[in-house]
There are 2 protein chains.
Amino acid sequence: MKTYNYSELSSTEIQKLVQRNVDPANEIRTIVEDVIANVLQHGDSALFDYALKFDKVELNKLYLDKAELEEIAKAISADQKTALETAYSNIYKFHQTQLKTEDKVETMPGVTCWRELRPIEKVGLYIPGGSAVLPSTFLMLGIPARIAGCHEIVVCSPPQKNGKVNAFIAYVALMLGIDKIYLAGGSQAIAAMAYGTASIPKVDKIFGPGNQFVTKAKTIIQSTTTTAIDMPAGPSEVLVIADETAIPAYIAADLLAQAEHGIDSQAVLVCTSADIAQKAIAEVEKQLPVLPRAEIAKLAIDNSYVVIAGSLSEAMAFSNQYAPEHLILATHSWEQITGSIINAGSVFLGNLTPESAGDYASGTNHTLPTSSYARAYSGVSVDSFVKKITFQHITREGINNIGHTVEVLAELEGLHAHRNAVSVRMSPSTP
Amino acid sequence: MKTYNYSELSSTEIQKLVQRNVDPANEIRTIVEDVIANVLQHGDSALFDYALKFDKVELNKLYLDKAELEEIAKAISADQKTALETAYSNIYKFHQTQLKTEDKVETMPGVTCWRELRPIEKVGLYIPGGSAVLPSTFLMLGIPARIAGCHEIVVCSPPQKNGKVNAFIAYVALMLGIDKIYLAGGSQAIAAMAYGTASIPKVDKIFGPGNQFVTKAKTIIQSTTTTAIDMPAGPSEVLVIADETAIPAYIAADLLAQAEHGIDSQAVLVCTSADIAQKAIAEVEKQLPVLPRAEIAKLAIDNSYVVIAGSLSEAMAFSNQYAPEHLILATHSWEQITGSIINAGSVFLGNLTPESAGDYASGTNHTLPTSSYARAYSGVSVDSFVKKITFQHITREGINNIGHTVEVLAELEGLHAHRNAVSVRMSPSTP
């Protein structure tokens, strides 16, 4: 792995190091726009065509129903069921605490304001199902949707060549009380959920990761329809901050867990100890070759780097500029530095907290901002599935208290009808 | 105003009534893309050119400093200062309660998860300043940014022909402790904040309303850079639900307050009483002609309509399909129906709560989702200026409790390095 000394890096060099390719998929824009236009125009018929073309399967209907899902789910072992249920339970426990009611605030006598949560009525979950089958993603999106109380949860996942979905996906659907999975993948699935087809309902917001076609479709939909999206998603990434108390074998395992995702994944080590860094690199070389996805991981590691920092605070300064999706603090002194974290998606504290625990079962959500989006975006949570609506109530006393202020401000903005809406209520002749 | 009977409307007709033109500005896309490209390439020099071209002023620098703002702000009367300060105080009081710390959750023994808030470091506020000068918008964006603790608040507002900003804008800047206003308007201001120029810093998220050029620039920026935006913004709108306890003169004043915003504003009345509806329409005709912005309001009212509903619950069903930015419940029984609100930006309860109170001073935010975006988006709040970062900590006991679950799930997703990151920590030989 390429190694840099923080103190020798100019700010331009740091800028370059932390830069990710924001929109590598722009060249596929036209392709995706065609798919979207085709689904908008031909609906279900386009989806059948794409299933044949991309998923190599001739479907006779665009969904699996409850009985079919139950049949498919039988293939799961007891051990796998228990693992999925433990993950479900932890994720549920953590996300449940995010659903909060808020207090009313009397901003001046007779003027009361508050916010109430309402679930987004119709949400669409995209669950990838091609080479990577990700039941964990289904849990991460389905559980907060259920806790929020969304009325309709539409799930799309690409069909396998047998016209079905994977057994784990089917099992998670049943755990979540979802009775139908729509057999559509790629940008055509996103278009179907944004516009609706005869089979697939139109939704208000679309969630979920996917390949570059899916991501491109989501960003197009977001800027051309009223359907919202969870966030733009790029390749996964981890940044490990380590000091002399870190364990090289753990660091290496964490870097490789990230690297195996895809050749464009990035695994960055920022270490205050050159010795630990060297040992971690040696461990990477030792652990890598025996991995089933070694080829992918190798390319991702080639694309990654190490920064030697003079102190944990220097390391954190670099991390904040990078704004990592996953941040691991591989140090005994993590409690001293969490306060200085500004930009990160999810943080893993100490030597015994691997990122893969958060990917599956610690309870936090694994749908997180990548590509430095952590500067402005949060990961998915129950918040992502609700709106917070503001309410205000004004009494007779309240309108007398606030009225003049509103009149003056409306007047200075030149909005007389705004002024009048208050004046008419303050008039002594009105009821 | 055109009047419909809810019971006679087919679902297609309702669909058509609640439909807003999502993207009327698509034809200006090329113009805006050119402006963005020009600012990206020429920076400050492009901004000077646009100030000359669009704002008709030759600037010698692109900002006003504190001394200049103080000089400009002297023009305000004591009464206006008091009104701005009362608004500030109410908005601050309500928004302050939105900044919450969250509890830690032990999802299983030894596995602890929580969220911590972090301000978005650099935010950009766009404050319109052409024909409409909106100091209230500056308060609505600046106050939550301050409460969130954003490190850098960049403010852009178009220069007037004298090369300055309006006195109210200057005064609000000083109230907020903002010492600089950048003199840039339109899509060029959005581009400058997204990419940064020699004078104007690059920000992580851009907030604020604007004309169709500004809105188009925001949606382009959102899909092509890592800079986020608050929300897409369309023409303002109100939906009033009224029954026989409503006061026609108040309804009319509220409809007209909305209508005076612009010719594309929409003011919808959904009334369970044909008599009250008729009287409200008569009141609109009476109040409209004397307004200074009567011409604008007249065109907006022509673009609006009345629906006669059989009951409040029918009225609410229509409103939920419309998903209004502003919802007024002009009825004594508002407490009985707030629970059935699904989609709305901000809600005004009872006959004495005019929407204009919320526009200025009740305490709620007036930056709200329009064009049916209220189905999936919330209005601006302190939430909009922070990220919620998840944290997790696992102890030795915790890794033993959660380890097997993670191993099984990583295995079934075919991610062996993910599995290994846990296994290596469970090995009895490790520290």
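Q: How much area is buried between chain B and chain A?
A: Happy to start there. In this predicted model, about 10800 Å² is buried between the two chains, and carbon and sulfur atoms give 60% of that area.

Q: Which residues of chain B lose the most area to chain A?
A: Look for B:Tyr360, B:Gln392 and B:Arg425; together they account for 7% of what the chain B side buries.

Q: How many residues of chain B are in contact with chain A?
A: Chain B contributes 125 residues, and they touch 124 residues of chain A.

Q: How many salt bridges are there between chain B and chain A?
A: The count is ten. For one to find on screen, try B:Arg375 with A:Glu121, where the closest N and O atoms are 4.0 Å apart.

Q: What describes two packed helices?
A: Generally, one gives the angle between their axes and the distance between those axes. Here, take helix H16 of chain A (residues 396–412) and helix H5 of chain B (residues 78–96): the angle is about 115 degrees and the axes lie 9 Å apart. Angles of 65 to 115 degrees count as roughly perpendicular, so H16(A) and H5(B) are roughly perpendicular to each other.

Q: Is the crossing of H16(A) and H5(B) left-handed or right-handed?
A: For this pair, the crossing is left-handed.

Q: Which residues meet where H16(A) packs against H5(B)?
A: From H16(A) come A:Ile402, A:His404, A:Thr405, A:Val408, A:Leu409 and A:Leu412. Facing them in H5(B) are B:Asp79, B:Gln80, B:Ala83, B:Leu84, B:Thr86, B:Ala87 and B:Asn90. Sorted by class, this contact has seven nonpolar, five polar and one charged residues.

Methods: Residues numbered from 1 in each chain as written. Chains lettered and ligands numbered in written order. Predicted model: local features only at pLDDT ≥ 70, side-chain atom pairs only at ≥ 80, totals over all residues. Heavy atoms only, no water. Axes fitted to C-alpha atoms, helices over the stretch in contact; angles between N-to-C directions. Helix = DSSP H or I, 4+ residues; strand = E, 2+ residues; numbered from the N terminus. Parallel < 35°, antiparallel > 145°, perpendicular 65-115°, else oblique. Left-handed = near helix turned anticlockwise from the far one by under 90°. Contact = heavy atoms within 4.5 Å. Nonpolar A, V, L, I, M, F, W, Y, C, P; charged D, E, K, R; others polar. Buried area = accessible area lost by both parts, 1.4 Å probe. Salt bridge = Lys/Arg side-chain N within 4 Å of Asp/Glu carboxyl O.
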